[in-house]
Each structure stands twice: as C-alpha cells, then as structure tokens.
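I am opening a fresh page for a structure that comes with a ligand, and I want to write down what I look up, one entry at a time.

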Amino acid sequence: MSAAEIGISDMAGPDMARVIEIEKLSFSHKWSLNDFISELLHPESICKTARPVDGIGITIGYICVRRMVDEAHILKLAVHPAFRQRQVGSLLVRHIKDEVLRDFKGKVILEVRVSNIAAIRLYNSLGFKSLYIRRRYYAEPEEDAVVMALDFK
Ligand SMILES: CC(C)(COP(=O)(O)OP(=O)(O)OC[C@H]1O[C@@H](n2cnc3c(N)ncnc32)[C@H](O)[C@@H]1OP(=O)(O)O)[C@@H](O)C(=O)NCCC(=O)NCCS
C-alpha cells in the first residue's frame with residue numbers, strides 16, 4: 001500500500017477496540033486498554049493509527065512513541081496480520097521520523113526481540129542501527145532484546 005492509500009491520524013477512542021484486537025494478535029506480552037489510556041494521557045506521548053483511505057475506515061496499525069528532550073522511544077508498533085508486508089509498518093515509522101519528529105535533534109530508540117526478524121529488517125531499512133543486546137529484557141517468553149537507534153543529529 002502506498003502513502004496515498006493510507007491515512008494516519010492521532011489514536012483516539014473509536015480506534016481502541018481495533019487496537020486491542022491487533023495488540024492481542026501481535027504480542028505475547030500485551031498492553032491492556034488501561035495501558036493504552038495511560039500512554040495516551042502521558043504528556044510526552046505520541047500515538048498514531050493507520051487506516052486505508054478508501055476502505056471501510058478500520059484501523060489496521062498503530063505506533064506509540066514517547067518524546068523526551070533528546071531521545072524519543074518507540075514503545076509500540078503493530079500492524080493487523082491481514083495487512084502485513086504491505087508497507088503499513090514502514091509508513092507509520094516514516095510518519096514519526098519525517099513528520100512528527102521533523103525538527104528533532106536527538107535519537108530515536110527502541111527495543112525489539114532478537115527473533116523478530118520482520119521488525120529488525122523494517123527498522124534497518126529506515127536507517128536504524130543495532131546498538132547492543134539487552135539480556136533477558138522480555139518475558140513471556142524470556143528473550144534478549146536488540147536495542148536499535150536512529151540518530152537525527
Ligand atoms: C513488524 C511489523 C510491524 C511490520 O509491519 P509491516 O507492515 O508488515 O512491515 P512493512 O510491510 O512495512 O515491511 C517493511 C520491511 O520490513 C521487512 N519485513 C516486514 N515483514 C517481514 C517478514 N515477515 N519477514 C521478513 N522481513 C519482513 C522487510 O524488509 C520489508 O521491506 P520489503 O517490503 O521491501 O521487503 C509487523 O510484522 C507486526 O505487527 N508484527 C507484530 C508486532 C511486532 O513485532 N512489532 C514490532 C515490535 S518492536
């Protein structure tokens with residue numbers, strides 16, 4: 001799907017049922033509705049959703065980022081399984097990188113499971129570099145994380 005076929009907007013109440021559905025399909029350690037609400041209420045939080053512009057308007061993916069002074073942290077990125085490998089994840093990260101953080105001068109950081117080849121490739125394709133391994137960062141199942149970063153300086 002191209003950028004012209006996908007609309008990106010702020011995550012809001014009407015997205016939440018679908019966001020929780022995608023979350024359940026995407027992660028073994030899931031955020032609850034309360035986790036998303038707490039994130040949305042956080043002053044430094046940026047959460048965006050993607051939906052096809054000519055479809056029935058359903059949410060098909062989302063991203064949550066926390067922006068701090070010189071660092072922004074990607075906390076969540078997921079695409080509904082039926083819409084994966086159609087550039088939706090890339091569009092969401094690109095939107096954060098090129099639009100939301102356009103004037104940002106710091107680093108964008110994230111952790112990803114070492115086995116999550118799809119996400120690691122996606123981030124690599126957008127210029128993120130692997131920095132180091134964080135041992136046993138994840139539970140359910142226990143796994144190491146790769147810490148990846150994109151430097152805007
Ligand atoms: C990771 C995820 C968000 C990718 O979203 P997506 O919309 O399918 O990704 P895109 O179509 O934009 O793919 C961009 C690049 O990522 C890589 N990629 C994506 N899916 C892949 C897969 N299944 N296998 C290998 N590489 C893959 C490719 O390099 C791809 O580039 P290409 O299309 O030129 O081959 C999606 O698989 C997902 O929701 N996974 C579950 C949740 C998750 O792991 N989130 C990341 C946590 S850090």
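**Ligand contacts**

I began with the side chain of Q87, where an N or O atom lies 2.7 Å from an oxygen atom of the ligand. I noted at once that this is a predicted model, and I keep that in mind for each value below.

I then looked up R84, and found that an N or O atom of the R84 side chain is 3.3 Å from an oxygen atom of the ligand. For L77 I had to turn to the backbone, since there a backbone N or O atom lies 2.7 Å from a nitrogen atom of the ligand. I also looked up how much of the ligand is covered, and I read that the ligand taken alone exposes 920 Å², of which the protein buries 74%.

**The shell around the ligand**

How many residues surround the ligand? I found 19, and the closest of them are L77, Q85, Q87, S90 and N116. When I sorted this shell by class, I wrote down 9 nonpolar, 6 polar and 4 charged residues. I next asked which element supplies the largest share of the shell. My entry reads α4, with 4 residues, while β4, α3, β5 and α4 each supply at least two.

**The pocket**

Where does the ligand sit? I found the ligand in the largest pocket, and I noted about 1,200 Å³ of space for that pocket. The lining of the largest pocket is made of 34 residues, and those nearest its centre are F27, L77, V112, N116 and A119. Two or more lining residues come from each of β4 (71-79), α3 (88-100), β5 (107-113), α4 (117-125) and β6 (129-138). I marked β4 in my notes, as β4 gives the most to this lining, with 7 residues. By class, I copied down 19 nonpolar, 9 polar and 6 charged residues for the lining.

I underlined L77 and N116, which are listed among the residues closest to the ligand and also among those nearest the centre of the largest pocket.

**Backbone details**

I came back to Q87 to look up its backbone, and I placed this residue in the loop between β4 and α3. Q87 has a positive phi of about 75°, although it is not a glycine.

My last entry concerns the peptide bond that joins E140 and P141, which I recorded as cis, with an omega of about -5°. P141 is found in the loop between β6 and β7 (143-151).

Conventions: Residues are numbered from 1 along each chain as its sequence is written. This is a predicted model: local features need pLDDT of at least 70, side-chain atom pairs count only at pLDDT 80 or more; totals for chains, interfaces and linings use all residues. Side-chain values use heavy atoms; hydrogens and water are left out. On a 1 Å grid over the protein atoms alone, a cavity is a set of points where a 1.4 Å probe fits but cannot get out, and a pocket is an open set with protein on both sides within 12 Å along at least five of seven lines; lining residues have an atom within 4 Å of a point. Grid points are joined across faces, edges and corners, and a volume is the space filled by probe spheres set on the points. Ala, Val, Leu, Ile, Met, Phe, Trp, Tyr, Cys and Pro count as nonpolar, Asp, Glu, Lys and Arg as charged, and the others, Gly among them, as polar. A residue is near a molecule or strand if one of its heavy atoms lies within 4 Å of it. A polar contact is a pair of N or O atoms within 3.5 Å; within protein, one must be able to donate a hydrogen and the other to accept it, and residues adjacent in sequence count only if both atoms are side-chain atoms. Accessible areas come from the Shrake-Rupley method with a 1.4 Å probe; for residues, only the protein chains shown count as cover. A molecule sits in a cavity or pocket if more than half of its atoms lie within 2 Å of its grid points.
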